[in-house]
Amino acid sequence: MINKCLFPAAGYGTRFLPATKAVPKEMLPILTKPLLQFGVEEALTAGINNMAIVTGRGKRAIEDHFDNSFELESQLIGTSKENYLNEIKEVIKRTTFTYIRQQKMLGLGDAILTGEPLIGNQPFAVILADDLCDSSDGVITQMIEIYNQYKCSIVAIEEVSENQTNQYGIIAGKKIGNSDNTYLVTDMIEKPDPKDAPTNMAIIGRYILTPDIFDILRNTKPGKGGEIQIT
């Protein structure tokens, strides 16, 4: 049973500068809701209510968002705006949040390894909040169904244009089972040139990982930029 979801949220968000100079990229809003809240709600839809968040310096806004704000609530009581906080209050009520800091930004693999004390020896979901997925039943919900069938690590993929493969991790694999959407992965290549890409199936920010990933990451040598990549 998948009952924990890990959110790597320690990065600097340099691709979103200057917006992320003082605001964590995970807290950038889509209309009135921050990206990270969309991710938490996706996990809740999948039946997960324990959120483990890997943060870093300058990320205090994340903890404050998923906490009660007595001063703000007292100002809104009895006004026409009182209902504006109902949605986030319901999320807080249904969810347990735990936090740990990533001391150095050494890649997604290192961020996931940093979250090991919050996860323990059990399979878990991973959501990268800056990948916003629009799905009626939730991508993590779909992935848990596949995990329950195969009991192994699962990655979400999407088709991308062939000339964009150098922007993603790309899989090689073959279709399995009765679904046109499920592949047995035989290889993963980080940002290959289009001429070297085995497919146009790109890995996106949704994973189900088994706990042996932690030992694998501990023994994975850093790659480009000194980072440990989950790919």
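Is K191 buried, exposed or partly exposed? K191 is partly exposed, and its relative accessible area is 48%. The cut-off for exposed is over 50%, so K191 at 48% stays in the partly exposed class. I will come back to this residue. Please keep in mind that what we are looking at is a predicted model.

Let me start with the overall chain. The protein chain has 8 helices and 10 strands. Its radius of gyration is 18 Å, close to the 17 Å from the globule rule for 231 residues, so the chain is as compact as a globular protein of that length. Along the principal axes, the C-alpha atoms fill a box of roughly 60 × 40 × 35 Å. Of the 231 residues, 43% are buried. If we take contacts between residues at least 6 apart in sequence, 74% of them join residues at least 24 apart.

On the surface, the protein chain exposes about 13,200 Å², and carbon and sulfur atoms supply 49% of that area. There are 23 positive and 29 negative charges, and the mean positions of the two sets are 5 Å apart.

Now the interior. The largest nonpolar core has 33 residues, and I48 and M51 have the most contacts inside it. Which elements give two or more residues to this core? On the strand side they are strand 1 (4-8), strand 4 (50-55), strand 6 (124-127), strand 7 (154-159) and strand 10 (201-209). On the helix side they are helix 1 (35-45), helix 4 (86-94) and helix 7 (139-150). Helix 7 gives the most, with 5 residues. Apart from this core lies another one, of 22 residues, which includes L108, L128, I171 and I228.

What does M51 touch, if we do not count residues up to four places away in sequence? The list is C5, F7, V40, A43, L44, T95, T96, F97 and T98. Three of these names, V40, A43 and L44, come up again among the buried residues of helix 1.

That brings me to helix 1. Here 9 of the 11 residues are buried, so the helix is largely enclosed by the rest of the structure. The buried set is not made up of nonpolar names alone: Q37, E41 and E42 are in it, along with L35, L36, G39, V40, A43 and L44.

Take E41, which is found in helix 1. E41 is buried, with a relative accessible area of 19%. The cut-off for buried is under 20%, so E41 at 19% falls inside that class. Leaving aside neighbours within four places in sequence, E41 is in contact with K33, E87 and V91. V91 is 50 residues away from E41 along the chain, yet their C-alpha atoms are separated by 7.3 Å.

Finally, the backbone. After helix 1 comes G47, whose phi is positive, near 90°. Two residues have positive phi although they are not glycines: K151, at about 55°, and K191, at about 50°. K151 lies in the loop between helix 7 and strand 7, and K151 is exposed, with a relative accessible area of 52%. K191, from my opening question, lies in the loop between strand 9 (183-190) and strand 10.

The last backbone item is a cis peptide bond from L17 to P18, with omega near 5°. P18 is found in the loop between strand 1 and strand 2 (29-30).

Technical notes
Residues numbered from 1 in each chain as written. Predicted model: local features only at pLDDT ≥ 70, side-chain atom pairs only at ≥ 80, totals over all residues. Heavy atoms only, no water. Core = buried A, V, L, I, M, F, W, Y, C linked by side-chain atoms within 4.5 Å. Buried < 20%, exposed > 50% of the residue type's maximum accessible area, 1.4 Å probe, protein only. Helix = DSSP H or I, 4+ residues; strand = E, 2+ residues; numbered from the N terminus. Contact = heavy atoms within 4.5 Å. Rg over C-alpha atoms; globule rule 2.2 N^0.38 Å. Areas by Shrake-Rupley, 256 points an atom, 1.4 Å probe, with all protein chains shown as cover. Lys, Arg positive; Asp, Glu negative; His and termini not counted. Charge placed at Lys NZ, Arg CZ, Asp CG, Glu CD.
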